[in-house]
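Trainee: I am new to this structure and would like a close look at a single part of it. Could you take me through one region slowly, and show me how its surroundings fit together?

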Amino acid sequence: MQRRIFMSSLAALPWLAGTAHAAGFHAIDITGASIGPDYQLSYPDGKPASLRDFKGKVVLLFFGFTQCPDVCPTTLARAVDIKRLLGADANKLQVVFVTVDPERDTGPLLTEYMRAFDPGFVAVRGSLEQTAKVAKDFKIFYRKVPSGSSYTMDHTALTYAFDASGKIRLAMKHEQTAQQCAADLRLLMNPKKETGFLKGLFQ
């Protein structure tokens, strides 16, 4: 079987060049980046889907495909662990999986795929044209790679994190552990508030 190359390093995404890890975050802080900011796709049942549907929750957004043998199931399994590690804050998290292979990833298949990991995880899909647009908007690389009588997919292996107001904040690399990701999400869910003393200095 041909070994696929997944792009998760900074070198694969020039727009991240020079971006630093913010104090306290394990992930790459991309606050203010011109990514997205939303998509117009469909849920497995055909209803319109957008990130605005999850306003008020922290969102983990990942692009992949159901026939992926390694990166996608590993990332979703990590998301399961992240949710568990968040404990009481787990209800503040929404995981969204965007397929880059809409030709094979039908609505029913995506529903079953999400259910295999966590029934609360959501998958979205679009036409080939919609998929190309959302990938461009979110600066995601993907392509078909012939494999025997069929094909597989190369794709970017980053996971984006959006805060509860819907703003993109972090790019999590595939190498990050569930513990590191959970710690980052806690910072987004429970941001430090300025003390009265600090507020007085800037008023």
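Mentor: Let me begin with a term that will be needed later: on a 1 Å grid over the protein atoms alone, a cavity is a set of points where a 1.4 Å probe fits but cannot get out. Please also keep in mind that what you see is a predicted model.

The part I have chosen is strand β10, which spans residues 168-172, and it is best approached through the sheet to which it belongs. That sheet is open and has six strands in the order β1-β10-β9-β4-β5-β6, with mixed pairing. Its edge strands are β1 (28-29) and β6 (122-124), each of which pairs on one side only. In general, the strands of a sheet pair through backbone hydrogen bonds, either parallel or antiparallel.

On one side, β10 meets β1, and the two pair in the antiparallel sense over two bridges. Within this pairing, Ile28 has Ala171 as its bridge partner in β10, while Asp29 stands opposite Leu170. The other neighbour in the strand order is β9, which covers residues 159-162; β9 and β10 run antiparallel and are joined by four bridges, and here the bridge partner of Thr159 is Met172 in β10.

β9 and β10 together form a hairpin with five residues between them, and in the turn Gly166 has a positive phi of about 90°. The loop between these two strands also holds Asp163. Is Asp163 buried or exposed? The cut-off for buried is under 20% relative accessible area; because Asp163 has a relative accessibility of 10%, it counts as buried. The side chain of Asp163 is joined to that of Ser165 by a polar contact of 2.7 Å, and, leaving aside residues up to four places away in sequence, Asp163 touches Lys57, Val58 and Arg169.

Returning to the strand itself, we find that β10 is mostly covered, with four of its five residues buried. Two helices can be described alongside it. Helix α1 (residues 71-86) lies across β4 (58-64), β5 (93-99), β9 and β10, and runs at about 170° to β5. Helix α4 (residues 178-189) packs on the sheet as well, touching β4, β5, β9 and β10, and its direction makes about 175° with that of β10.

This brings us to the term with which I began. A search of the whole structure finds one cavity of 30 Å³ or more, and the largest cavity has a volume of about 90 Å³. Of the 13 residues that line the largest cavity, the closest to its centre are Leu60, Thr75, Ala79, Val95 and Thr159; Thr159 is the residue already introduced as the bridge partner of Met172 in β10. The elements β4, α1 and β5 each supply at least two residues of the lining, and α1 gives the most, with five residues.

To draw the picture together, β10 is bridged to β1 on one side and to β9 on the other, and both α1 and α4 are in contact with β10.

Key: Residues are numbered from 1 along each chain as its sequence is written. This is a predicted model: local features need pLDDT of at least 70, side-chain atom pairs count only at pLDDT 80 or more; totals for chains, interfaces and linings use all residues. Side-chain values use heavy atoms; hydrogens and water are left out. Two strands pair if DSSP finds at least two bridges between them. Contact means heavy atoms within 4.5 Å. Axes are lines fitted to C-alpha atoms, for helices over the stretch in contact, and angles run from 0 to 180 degrees between N-to-C directions. Buried means under 20% relative accessible area, exposed over 50%, partly exposed in between (1.4 Å probe, protein chains only). A polar contact is a pair of N or O atoms within 3.5 Å; within protein, one must be able to donate a hydrogen and the other to accept it, and residues adjacent in sequence count only if both atoms are side-chain atoms. On a 1 Å grid over the protein atoms alone, a cavity is a set of points where a 1.4 Å probe fits but cannot get out, and a pocket is an open set with protein on both sides within 12 Å along at least five of seven lines; lining residues have an atom within 4 Å of a point. Grid points are joined across faces, edges and corners, and a volume is the space filled by probe spheres set on the points.
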